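Visitor: I should like to learn how to read the packing and the contacts of a model such as this one. Could we go through the features in turn?

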Amino acid sequence: MRKISFGQMITILFLSRIFYAMTFIPFMYSDVTCQVIGFSISTAIECLAVIPVIILYKKHPDKNLCQVAYEKSKIFGILICVAFAFAAVLVINRLLRYFGYFMYVTFPDFLPSWIVIGAIAIISFYAAFQGIEAIARSAGIAFGFFVLSFIIVTAALWTKMSFTNVIYNYPSIKHISHEVFNELSKFTELLLFPILYPYIKEKAGKSIYAALALKLIFVYLITSICVLTLGSYLNISKFPFFDLGTYAETFLIERLDAFLLPAWILIAFIKTALFMLIAKIALSTGFKKVKSNVFLLIISVAAFAASLAAVLQEKWSYSVLDKTVIMILILILGVVLPLVYCFGKGDENETE
Amino acid sequence: MKQNRIILKRFSIITICVLFIFSLCSCNSTGRYAKRDIDEKIIVHALGIDMTKDGKFEVTLQMLAQQGSGSNTPIDPSKPNSASVSQIADTIPAAIERCETDLGKKAFLGHSELILLGKNVEDLNPIFDFALNAEGISLGIFMAYTDVTAKEILNIKITSGTYSAEVLKEIFEESVKNGTSTECELIRHIDNIENTNGVTVMPIIKKIKDDKKSSDEKENSSSEENFGESKSDDSNVKSENEKVKSESSEDSQSESSSKSEESSSKSEESSSKSEESSSKSEESSSKSEGGSGGGEESGSGGGSSEEAEVTAFYIDGAVIIKNKKPQSVMTRDEIIGLSFLNNGIAEQEIDAKLGDTFKPVNVGSVKKDTKVSIKNNRVAVDINLTLSYEFYKSYSEKEKKIITAKATEHIYSICNKTITKALKEEKADIFEIHSLLNHNDYTLYEEYKKNPDAILERVDINIKIDPQN
Amino acid sequence: MEGKTVVKVNEYNYETALISKSLKQAILDLKIISGKTMDLNIMEVELSEHKCAVVSIEGMASTSSMAELVFRPLMEFDVKGYATEDDVFKFLTKQSLLSAERKILTTYGEVFLTLFSGFAVVFIDGCDKCVAFGIQGFDKRSIEEPTSDGNLNGSHEGFIETIRTNISLIRRRLKTPKLRFDMQQIGSDSKTDVCVAYITDKAPQGVIDKVKENLNKINLDTIITTGYVEPFLQGKHKSLFSNVLSTDRPDAFCAKLNEGRVGILVDGVPLALICPSLFIENFQTIDDYVNKPFYTTYIRWIKYIAFFLAIALPGICVAIATNHPEILTHKFLMNLAASEEVTPYSFFFEAFIITIMYELMREAGIRLPKAIGGAVSIVGALIIGDAAVSSSLVSAPLLIIIGLTATASFVIPNLNPQTSVFRMLFIISGGFAGLFGITLCFAFMLINISALENYGVPYNAPISPFTFKAMRDVVTRPSFLKLGRSKTVVENLNGAKKI
């Protein structure tokens with residue numbers, strides 16, 4: 001059961017988060033100062049929000065949240081399993097749509113969007129089929145690739161950074177709260193972690209904090225590089241980090257934008273595979289008689305079909321579904337539920 | 001049963017894969033997603049945009065037209081490997097599309113290095129819109145004005161370097177280093193326009209030949225900087241020198257270059273004629289290579305003519321753009337002053353007059369301190385420049401002191417000239433005042449955001465130069 | 001016993017059948033079982049008036065050894081008067097040392113196995129046992145330099161087809177009693193000797209047992225090459241990569257045994273298998289441990305680059321030229337465009353065709369006799385190299401790319417099958433979907449490698465899962481002063497499980 005190491009868990013959680021940061025941060029039409037404050041506040045909230053899951057892990061280190069729920073009450077357990085699978089489908093659907101949008105904007109006339117998301121879905125299915133270890137090991141290499149791309153872009157743009165591009169603004173609470181909400185709706189680690197913690201060999205609690213810290217560091221780094229280099233172009237830039245690539249020039253490669261593309265694809269496919277996997281684990285906990293790979297196929301097809309419907313209409317974003325619904329699911333499944341099982345009746349509190 | 005399931009599973013996976021490959025193949029051959037090979041694309045080096053009298057856009061694409069020598073060298077760097085094509089339409093994309101139709105290929109703008117604007121371009125809004133939205137255009141593309149039409153500049157064939165856009169780009173880069181040009185990448189223009197009161201500065205590209213005619217009028221602005229003139233350079237000769245040299249080179253070239261000039265001027269004529277009938281006749285508009293034949297011949301005739309071709313362009317001054325419209329022209333000295341005030345200069349040759357002779361000294365920026373303070377409702381921006389001076393070894397200590405003083409005085413004066421011109425006359429924030437205010441006094445910055453011109457009126461820039469030997 | 005006399009011995013039931021006491025019957029049985037095969041030599045002889053027979057297989061036993069070591073001592077055997085079967089048996093088994101190897105056999109199965117291994121078997125009339133003497137004398141190849149895994153500074157001995165010689169080559173390098181060879185016969189017909197080699201206190205017992213268990217699962221009739229054994233050692237996972245390393249060098253084999261691996265030798269194949277193995281080991285050669293660390297480190301990185309080039313270079317070039325020309329520097333693009341201008345096909349198709357032509361030439365070069373193989377490369381160089389470019393069928397930059405790719409693939413011969421296939425996949429995906437397709441292919445490869453595990457050891461360790469200590473021998477090559485004692489054993493890598 002204990003298959004993945006502390007480092008691998010950090011990488012998995014980090015990569016599952018960094019896709020949005022890489023793609024959209026700093027957000028267009030939004031004040032960077034507010035965003036930076038928003039990131040800090042949301043990370044602080046995230047640190048608090050993971051406490052119930054960590055306590056749950058300490059109490060049941062070998063059972064994931066679905067198993068805990070299933071053992072307490074079969075019907076409620078099944079409900080929770082389905083909810084997890086639904087949340088995973090929503091997250092995959094959102095990711096595929098965003099990825100499709102990213103490709104649609106950055107490389108138009110390249111491939112039809114449905115092929116793009118289809119290819120990602122197929123490769124993710126294959127990865128999920130191979131299991132958590134294969135994903136974790138691939139994630140290690142994808143992480144290395146991401147860091148390398150980041151370093152190369154930073155090095156290529158080093159001379160083009162200027163502090164005069166930094167313009168502060170007085171942050172308004174309204175904007176900050178908007179950013180915090182926006183950022184928290186991306187906190188999908190809270191769906192991954194309760195399912196995946198039985199697989200980690202050691203220091204599960206620390207791994208999520210480390211992943212959050214790493215995320216915050218990279219979000220700051222990406223934001224600062226974008227601000228220092230692009231200046232007020234950020235106001236009209238849809239994908240700032242990617243736009244760095246169109247500006248960066250090296251002696252070997254004229255433009256780094258397409259060079260950055262692999263980092264996006266690797267991260268997107270790892271994240272999709274992870275959510276396919278947790279949906280499979282959740283459903284096979286609830287419905288033990290059915291083969292787990294059947295669920296995997298169902299989840300993949302469902303997520304792909306949902307995204308396909310949106311992508312074919314070129315509808316890339318659904319604000320209620322992408323933010324509010326996922327946010328509520330994260331809150332219920334990642335915070336409230338562990339809290340209930342931690343302090344519920346009949347459990348002895350184990351503290352370390 | 002189990003076997004069946006496995007077979008079914010494999011079958012479904014294989015089906016998916018096959019369907020996927022087929023769909024890939026189908027989108028490859030036709031339609032929007034058809035893949036084009038590189039030789040089916042027009043590799044555009046530079047875009048020239050001019051306005052016609054009736055308010056239409058004339059777009060010139062300078063593109064690759066390789067001239068190889070033998071099968072092993074498909075590109076011969078000694079020959080001009082470029083051609084240009086122009087078309088007129090209501091919008092820029094439409095004009096480009098016409099160019100594409102003329103050549104039967106798709107324009108690939110991902111490698112274009114500069115956008116040149118003809119002198120009659122008066123509204124930059126459509127141009128910025130195009131540059132920001134066109135597929136593949138780099139954020140680092142250079143944008144500059146010309147004092148003639150962009151078409152004219154892009155039609156010049158050069159024989160050194162592979163194509164003129166490359167040479168132009170190198171000229172820009174070198175000029176930014178020595179302060180004779182401001183940074184003119186697209187993203188910097190956008191950044192300036194967004195942050196300031198809609199102001200940016202675009203350098204002006206000129207042709208040497210034009211300069212020769214009008215050099216008498218603007219002795220001042222002609223350069224200490226000498227493109228490609230290193231051989232006989234004693235550097236105390238100013239614009240007259242250039243004139244003499246170009247004349248002498250003309251002499252040495254004897255007939256060949258004059259022939260080429262003639263032929264190029266003919267080509268200009270023919271192209272200008274073709275402008276009128278361009279929308280109909282394909283040939284006249286698509287290939288305006290008239291000058292290239294002559295240029296080539298003269299290139300093979302002697303090295304001197306190559307030199308003449310290389311020095312075909314230079315950067316002289318810049319245009320202040322306000323609210324995406326050209327406002328006024330800054331001279332070369334004013335741009336050097338601006339560079340001293342803003343970015344610092346890596347090295348700039350300044351000629352200090354000592355008695356009757358000019359003594360060159362190489363000046364570079366070391367440090368720049370800026371302070372903002374408010375006194376008597378005036379915003380005082382104190383810029384403290386620390387400059388380094390490099391002298392010839394033969395200078396005596398006394399000479400060095402005098403030269404330093406003279407050069408400092410010169411720099412001081414050009415900086416003040418810049419301030420007077422840009423800030424006092426044009427109310428143009430090209431001194432990064434927005435950033436200074438933002439970093440130092442936020443309330444003032446907020447006022448600046450609301451009414452930049454009012455704040456700029458209250459700004460005084462005081463310069464202090466600290467020479468460091 | 002009675003039942004046995006009733007059932008006639010034949011070629012199907014001989015394995016467990018006991019040897020007949022009567023010499024006449026025994027000889028008859030031998031003839032029946034072997035179907036009177038022509039290479040069965042039976043020489044009947046009387047030793048002190050007791051009937052015996054010396055049986056051997058022609059060409060398998062050395063005639064000179066037979067004359068010297070068997071016939072002469074047998075002829076000199078003399079008991080005063082009539083010798084009983086016990087006298088003869090006692091003489092053969094206890095009172096003489098006829099050869100280095102002596103076995104007492106009781107069944108026909110054992111008799112044939114030893115006969116076919118080159119033994120001479122002495123049957124004694126009235127005795128239900130016979131004695132076999134190891135006087136093998138079949139022709140074998142002498143020890144030569146390995147052909148595929150050449151090196152400059154290390155040993156020049158390679159494995160040969162005879163398993164026992166191979167064992168001696170290993171034993172000579174590891175003179176420790178902890179080195180064990182467990183021999184077993186696999187293949188219901190071929191009865192091929194397969195030997196499991198390991199060092200007891202270094203190889204994990206779980207791995208040794210698992211390897212033996214996997215070997216016992218082999219239910220094939222014959223084992224002709226290592227390829228027959230390999231799938232059984234690899235486990236269930238279907239991967240394009242092989243987690244069983246093969247080597248034809250005894251020194252490399254010993255080095256791996258010393259790292260706690262289990263080796264498998266197969267008779268008749270000049271190759272040995274090693275498991276568990278790591279992906280990164282495909283880049284390590286014995287020369288790495290001869291040269292100075294700084295040089296080895298440099299060469300290792302060259303090899304990593306070579307692997308990347310061999311797999312992805314043509315694919316990436318196709319992807320960039322077709323879909324992302326903005327990546328190329330301006331002059332490169334211009335050169336490429338200029339050379340593509342005259343060629344009739346698209347860049348993708350050219351790359352596709354040239355790659356196929358290269359594979360064709362390579363395969364022809366390997367299969368043909370060496371003398372003609374050279375001719376093939378000349379033809380290849382002439383036709384592909386010069387004529388294709390000058391006739392504008394293929395652009396020159398593409399030819400350089402494919403040439404570079406081919407050269408790079410020679411640097412890592414172990415991964416040649418994978419590089420060949422992935423190269424083609426990368427070209428196709430690069431042509432259709434640009435860097436997007438390339439990355440997807442890479443992701444597929446990544447998952448395929450990552451999922452691979454052998455005897456509890458992840459195939460792509462120590463890179464991912466990352467083991468810092470072991471990475472020293474991946475990123476650099478530490479000196480033996482440091483490496484000697486602290487070289488990480490595979491079972492201690494992160495992610496490795498105890499089995």
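Visitor: With which residues is Ile278(A) in contact, leaving aside its neighbours within four places in sequence?

Guide: The model is predicted. A contact here requires C-beta atoms within 7 Å. On that basis, and with those sequence neighbours set aside, Ile278(A) touches Phe84(A), Ala88(A), Leu191(A), Leu192(A), Ile195(A) and Leu196(A).

Visitor: Which residues touch the most other members of the largest nonpolar core?

Guide: They are Phe84(A), Ala88(A), Ile267(A), Ile278(A) and Ala279(A), in a core of 347 residues. Helix 12 of chain A (residues 257-286) supplies the largest share of this core, 22 residues. A second core, separate from it, has 38 residues, among them Leu47(C), Phe89(C), Val121(C) and Cys130(C).

Visitor: How should one read an interface, and how many residues does each of chain A and chain B give to their contact?

Guide: Interface size is often expressed as the accessible area lost when the parts come together. Here one may count residues instead: chain B gives 22 and chain A gives 25. On the side of chain B, helix 1 (2-29), helix 6 (186-195) and helix 15 (433-440) each give two or more residues. That side comprises 10 nonpolar, seven polar and five charged residues.

Visitor: Into which domains is chain B divided?

Guide: Domain 1 spans 39-316 and domain 2 spans 331-468. Their contact draws 18 residues from domain 1 of chain B and 24 residues from domain 2 of chain B. The domain 1 side has two nonpolar, 12 polar and four charged residues.

Terms used
Residues are numbered from 1 along each chain as its sequence is written. Chains are lettered from A and ligands numbered from 1 in the order in which they are written. This is a predicted model: local features need pLDDT of at least 70, side-chain atom pairs count only at pLDDT 80 or more; totals for chains, interfaces and linings use all residues. Domain bounds come from an automatic or database domain assignment. Two residues are in contact if their C-beta atoms, placed from the backbone, lie within 7 Å. Ala, Val, Leu, Ile, Met, Phe, Trp, Tyr, Cys and Pro count as nonpolar, Asp, Glu, Lys and Arg as charged, and the others, Gly among them, as polar. Helices (H or I, at least four residues) and strands (E, at least two) are DSSP runs, numbered from the N terminus. A nonpolar core is a set of buried Ala, Val, Leu, Ile, Met, Phe, Trp, Tyr and Cys residues joined through C-beta atoms within 7 Å. A residue is buried if 20 or more other C-beta atoms lie within 10 Å of its own, exposed if 12 or fewer, and partly exposed in between; C-beta atoms are placed from the backbone.
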